[in-house]
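Here are a few exercises to work through with the model open in your viewer. Try each task before you read its solution.

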Amino acid sequence: MDILYKVFIEPFVFMGEAPDLLLQTLWEGLVSGVLYALIALGFVLIFKASGVFNFAQGIMVVFSALILVGLYEKGVPAFLALILAIGAMLLLAVAVERVVLRPLVNQPDIILFMATFGLTYFLIGLGELIFGGNPKEMITGPLFLPQGTTELEMFGGLVRFQHLDIAAAVIASIMIGLLAVFFSKTRIGRALRAVADSHKAALSVGISLNQIWVIVWFAAGIVALVAGIMWGARSGVSFSLQIIALKALPVLILGGFTSIPGAIIGGLIIGVGEKLGEFYWGPLVGGGIETWLAYVIALLFLLYRPQGLFGEKIIERI
Amino acid sequence: MSFRKLSLGLAVATMIGGTVLPAAAQDSIYVPLFTYRTGPFAGSGTHIADGMHDYLEMLNQRDGGIGGVKLVLEECETGYDTKKGVECYESVKGKNPVIVNPWSTGITLPLIPRASVDKIPILSMAYGLSASARGDIFPWVFNPPATYWDGLSMIVKYIGEKEGGLDKLKGKKIGFLHLDASFGKEPIPLLQELSKELGFEVALYPVAAQDMQNQSSQWLSARRDRPDYMIMWGWGSMNGAAVKEAVRSGYPMDKFYSVWWPGEDDARAGGAGAKGFKMLNWHAVGTNFPALQDIQKHVVDKGLSKAQKDKVGELLYNRGVYNSLLIAEGIATAQKLTGKKAVTGEDVRRGMENIKLDPARLKELGLEGFTDQLVLSCSDHNGHRPAFMQEWDGTKWVKISNPIEPMTDRVKSQLDAAAKDYAEKNAGWPKRTEACDKAS
């Protein structure tokens, strides 16, 4: 009985007793969730346009952030470094299309997936070769990223809102909004959707697959750069960030591999879910459940909706 | 490819490989250095690797090696990955290494049973299995100058003194933020014993390797539990992220302690808010020692070092120097004991047991005042030396305490029991047959 009480009653009693901590946990979860969503978006963009699950998205987050910080450390002004980092992601997109995707056209998806594995290890090696393995501090002041904390007395306690977290949430939301507009309102966006629906049909109406792939990898690169800046500003830029990026996997399972709203909602559910789980139920098993809880949540969803919350329903002719 | 061509290729490869095997020569001593300059732990591993390499290279450049025998140094990148570390061990063991430094508790553990079989001593400097301090049970393993259990007892003792006595810890809560791996879990049994004995409560905050840079949950939990003190057992990017998160969450930094692994970069990560963060240490920082200046002159200035110039003399760099000081002293002592120049792993094991780094010897080595003395013996492979507390003042570490002796009375019985337990659980654990030198 005691264990049932601890699992089903006590956490909720504690939530009621300390609503300030509940609010703080929800806020931390939301911020993490937005950042997970941002990383997941990079995966979704590429998957939608090419059907490739880009395993390299995590290292692209690290690589782009390292370029930015590395250039700044060499004396390049922050905004110029930012523009050059964006340029580097464009170069990467072109290189990936020419060297990886084009030669592998018409190969099975698993081959393309394995190619992104190769790309991951190539970028890790290249990043370490150029920038070394030391963690670096993200530029914040010169990029006008706010620092400091606002403490609000709420529900009988103190709730802390980091300005950087607020900025992360706002910037990520703007980014997501822009992508949504880009996909639905622009000509290129419509072309991307056409490619996502059917490569052959898109080709037949004169859409260049190669061009679309470059655009989509470039867009994923920019998303990676923004994610790298925000995560990096929170906890430093190091190669362990690429592991955090794998948290996007349960987000994708949950939201569906092809849905932008799915990535957003999935990110928020995973972010909030893992923080609540760790905070209220983690102590029951000695803590540290955050690492796997996200996958459990995603698996539970999979049981009921294999295509994810917003994924396209899988219908196959037998 | 025909069988003939394949055989020919293999024969040529073997011949080429044979000629480049560095340790085959009789006029050299092969010292592999297990390092990690890549991966999530590179932020710590790189500086240690540089310090280790540069001290030994300085001996090569300045003195022609040790006792006139050149040291052949070879790095093997482990990425702090146990599997890769064991692969490194397997790849170097055929080259007659005189000692192996795993630089990871996770890698050390599977190597411990192999050491006595392969006759290669293991130096796990202030990390690894605490119980391996017992030379009578672990004749091939050395973990000076203090075990993790010693370190934990020093922190608890220091906190107790701050509170006005160990008895004042009763009713307090101590948080333990640790890497969720062999290394981070190593001191937990002692912490739990001390908590029972001294009456303080323990709250554990494990950090998975994949979440090292995503610690908001742990610090939220700390806000819920309100630990009076927080002790950290972290490595790699976990340390810097923890300092940042502690500042972010408003945890009082003067109550935040760490074992001896954070470096300057980790403290800097917290910005001005990191002031007051404390950690144990047992050696100096800076380059104001003849041996360090020789490193500058003979290695760094000649472009033989991979270290960034401004990192030479920083805490983790000097930690690597200390590690290599022990290696070099083990080799030099082995040469004295055996009368041989090109010593073997078995000789160096004897050398390590006879290390006597007293102030006179440290002065002779150009490291006067760099660290406390260390004397190892046949039965004591650790030394259980005191460490001091240092505090981050916003720009540098400042020593704030006298040497803190470990709580030997409390640790020794635990350590003996753990060593005995290890030998019993590992069926067929060999009884020590290696003779003890008179000096040790």
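**Exercise 1.** Find how far apart the C-alpha centres of domain 1 and domain 2 of chain B lie, then describe how the two domains touch.

*Solution.* Start with the bounds: in this predicted model, chain B splits into domain 1 (22-146 + 285-384 + 417-425) and domain 2 (148-281). Their C-alpha centres lie 28 Å apart. Next, look at the contacts, taking C-beta atoms within 7 Å as the cut-off: 17 residues of domain 1 meet 20 residues of domain 2. On the domain 1 side, helices H2 (42-63), H4 (105-118) and H12 (315-338) of chain B each give two or more residues. Sorted by class, that side has nine nonpolar, seven polar and one charged residues.

**Exercise 2.** Work out which element of chain A supplies the largest share of the side that touches chain B.

*Solution.* First the totals: 30 residues of chain A are in contact with 31 of chain B. Then list the elements of chain A that supply at least two residues: H3 (19-50), E2 (157-162), H11 (241-244), H13 (260-281) and H14 (290-304). H3(A) takes the largest share, with five residues. Finally, the classes on the chain A side come to seven nonpolar, 16 polar and seven charged.

**Exercise 3.** Pick out the residues that touch the most other members of the largest nonpolar core.

*Solution.* This core holds 237 residues, and the best-connected are Leu35(A), Ala37(A), Ala40(A), Leu68(A) and Val216(A). Helix H10 (residues 209-235) of chain A gives the most to this core, 18 residues. Both domains of chain B join in too, with at least three residues from each. Now zoom in on Val216(A): beyond its neighbours within four places in sequence, its contacts are Leu45(A), Ile46(A), Ala49(A), Ser50(A) and Leu192(A).

Terms used:
Residues numbered from 1 in each chain as written. Chains lettered and ligands numbered in written order. Predicted model: local features only at pLDDT ≥ 70, side-chain atom pairs only at ≥ 80, totals over all residues. Core = buried A, V, L, I, M, F, W, Y, C linked by C-beta atoms within 7 Å. Buried ≥ 20, exposed ≤ 12 C-beta atoms within 10 Å, placed from the backbone. Helix = DSSP H or I, 4+ residues; strand = E, 2+ residues; numbered from the N terminus. Domains from an automatic or database assignment. Contact = placed C-beta atoms within 7 Å. Nonpolar A, V, L, I, M, F, W, Y, C, P; charged D, E, K, R; others polar.
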